[in-house]
Each structure stands twice: as structure tokens, then as C-alpha cells.
Amino acid sequence: MKTKTCLMAAGFFAGAFLLPTAEVVAQSTPGPQPSICNRSCWSARAGSCSTALGSLNRAIVHHTAGPSDYTTNYETGKARMRANQNYHMDSNGWCDIGYHFLVNAAGHIYEGRAGSIGSSGSWKRGAHDGCNANSMGFTALGYFHSPYNHSFTSALQNGLAAVIAWRMPSGWVPTGSTTYCGNSVGRLD
């Protein structure tokens with residue numbers, strides 16, 4: 001599958017899980033848009049973010065910290081999306097959910113921050129890393145290390161690979177690192 005070969009380095013370690021093993025090549029064109037549950041699908045609240053995302057050149061992979069976020073059920077995933085958005089907006093005081101796309105253990109992909117499915121002019125800066133400049137946050141729903149050790153499934157890996165390959169621009173290379181907010185950080189981190 002071209003999506004995986006464009007994206008993932010052999011044995012690439014992101015957080016506490018391994019992404020699919022494949023040959024690494026520059027992405028000449030973005031992958032096809034995968035099936036995504038948009039914000040109306042999961043009944044998102046309206047966000048109030050106004051800061052536009054700059055030139056996209058980095059994919060940051062995360063996982064949520066809630067032990068109840070882990071699910072293979074599509075409808076439960078929607079509820080977990082609402083809970084994460086409520087936490088980010090009500091407890092953290094953010095303008096919306098911090099991540100651009102989230103994926104559950106069954107590989108279901110959910111649009112996070114408003115405008116993430118749209119064209120580059122509609123993308124809003126996330127709240128998913130220390131800088132949030134020129135990066136999109138891609139997040140696994142679950143807690144993949146101690147004390148919960150959720151299983152990082154093939155479906156979850158494939159969902160992340162598909163949405164990253166679709167969203168990252170032509171010419172994007174997932175390997176290597178560059179300076180990002182004063183630190184050396186991988187293009188896929």
C-alpha cells in the first residue's frame with residue numbers, strides 16, 4: 001500500500017508504540033483521503049480558534065492519557081472525542097480539541113480541531129506540542145504504556161498511516177530531523 005511506504009520508517013518509534021515497517025520514500029503526492037468521522041459526525045462543540053496553521057511540514061504522533069479512551073467501537077469513539085474536547089476546552093481553557101485527527105483501536109479516524117479536513121487555508125494551529133508551528137497532531141485514542149498498556153493494533157497503525165499520508169503535503173519526507181522551536185525534532189515525531 002503506497003500510503004504506508006510513503007510514511008513509515010522501519011522500526012520507527014513514536015511515543016510508546018511502533019508504526020508500520022516499510023520502505024521510506026519522499027511523498028510525491030498525498031495519499032487518498034481515508035474515511036473520516038467529521039466534527040458533525042461526533043457532535044463536536046464549536047471551537048473558537050483563530051490562529052492559522054503555517055506551512056505544514058511536521059507530523060506529531062501522540063496518544064491520549066485517559067484509560068477509558070481505548071475502544072474499538074465506532075460510537076464509543078465518538079463519545080471519547082466529546083470527552084477529550086470537553087477536557088481540552090473546559091479544563092485546559094483551549095479554543096478547541098488540541099489534536100487535528102484522532103484514531104481508535106479499530107482504525108476509525110475522527111476529525112479533531114475544526115477545519116482539519118478542509119484545505120490548507122482552513123487549518124488552525126493545534127495545541128499538541130510545545131510549539132504547534134507548522135505541525136499537525138495525530139493521536140491514538142488510548143494509553144499505550146504502563147500502567148494501562150493498551151494494545152497498539154494494526155488497525156490503529158493503518159488508520160494513523162492513512163490519515164498522515166493524506167494530510168501531509170506533496171514532497172513531505174517522514175525521515176530525518178530539522179530544527180523545530182529551537183530543538184532537533186523528527187519530521188514524523
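# Contacts, sheet and disulfides

Q: Among contacts in the chain between residues at least 6 apart in sequence, what percentage joins residues at least 24 apart?
A: This is a predicted model, in which local features need pLDDT of at least 70, side-chain atom pairs count only at pLDDT 80 or more, and totals for chains, interfaces and linings use all residues. Residues are numbered from 1 along each chain as its sequence is written, and side-chain values use heavy atoms, with hydrogens and water left out. A contact means heavy atoms within 4.5 Å. Counted that way, the share of these contacts that join residues at least 24 apart is 70%.

Q: What pattern do the helices and strands follow along the sequence?
A: Helices (H or I, at least four residues) and strands (E, at least two) are DSSP runs, numbered from the N terminus. The chain holds three helices and nine strands. Read along the sequence, their pattern is α-β-β-β-β-α-β-β-β-α-β-β.

Q: How much of the chain's accessible surface belongs to carbon and sulfur atoms?
A: Accessible areas come from the Shrake-Rupley method with a 1.4 Å probe, and for residues only the protein chains shown count as cover. The accessible surface of the chain is about 7,900 Å². The part belonging to carbon and sulfur atoms is 49%.

Q: Which strands stand at the edges of the open sheet?
A: Two strands pair if DSSP finds at least two bridges between them. The open sheet has five strands in the order 3-6-5-7-4, with mixed pairing. Each edge strand has a single partner, so one side of each is left without a neighbour in the sheet; the two are strand 3 (36–37) and strand 4 (58–63).

Q: Which residue of strand 7 stands opposite V103?
A: Strand 5 (residues 101–103) and strand 7 (residues 135–140) run parallel and are joined by three bridges. In strand 7, the residue opposite V103 is A140.

Q: At about what angle does helix 3 run to strand 7?
A: The axes are lines fitted to C-alpha atoms, for helices over the stretch in contact, and angles run from 0 to 180 degrees between N-to-C directions. Helix 2 (residues 74–91) lies across strands 3, 5 and 6, running at about 35° to strand 6. Helix 3 lies across strand 3, strand 4, strand 5, strand 6 and strand 7, and its angle to strand 7 is about 165°.

Q: How far apart are the end C-alpha atoms of helix 3?
A: The expected span of a helix is 1.5 Å times one less than its number of residues. Helix 3 (residues 154–167) has 14 residues, so it should span 20 Å. The model agrees, with the end C-alpha atoms apart by 20 Å.

Q: How many of the 14 residues of helix 3 are buried?
A: Buried means under 20% relative accessible area, exposed over 50% and partly exposed in between (1.4 Å probe, protein chains only). The buried residues of helix 3 include L156, Q157, W166 and R167. Helix 3 is mostly covered, and its count of buried residues is eleven.

Q: Where in the chain does C95, the disulfide partner of C49, lie?
A: A disulfide is a pair of cysteine sulfur atoms within 2.5 Å, and C49 and C95 qualify with S to S 2.0 Å. This pair ties together parts that are 46 residues apart in sequence, because C49 lies in the loop between strand 3 and strand 4, while C95 lies in the loop between helix 2 and strand 5.

Q: Why is the disulfide of C131 and C181 given its handedness?
A: C131 and C181 are joined with S to S 1.6 Å. C131 is partly exposed at 24% relative accessible area, and C181 is partly exposed at 40%. Because the torsion about the S-S bond is about -95°, the disulfide is left-handed.

Q: Which pattern do the disulfides of the chain follow?
A: A search of the whole structure finds three disulfides. One of them links C37 and C41, with sulfur atoms 2.1 Å apart. Counting bonded cysteines along the chain, the pattern is 1-2, 3-4, 5-6.

Q: How far apart in space are S135 and Y180, C-alpha to C-alpha?
A: S135 lies in strand 7 and counts as buried at 0% relative accessibility. Leaving aside residues up to four places away in sequence, S135 touches several others, among them R58, H100, D129 and Y180. S135 and Y180 are 45 residues apart in sequence, and in space their C-alpha distance is 9.7 Å.
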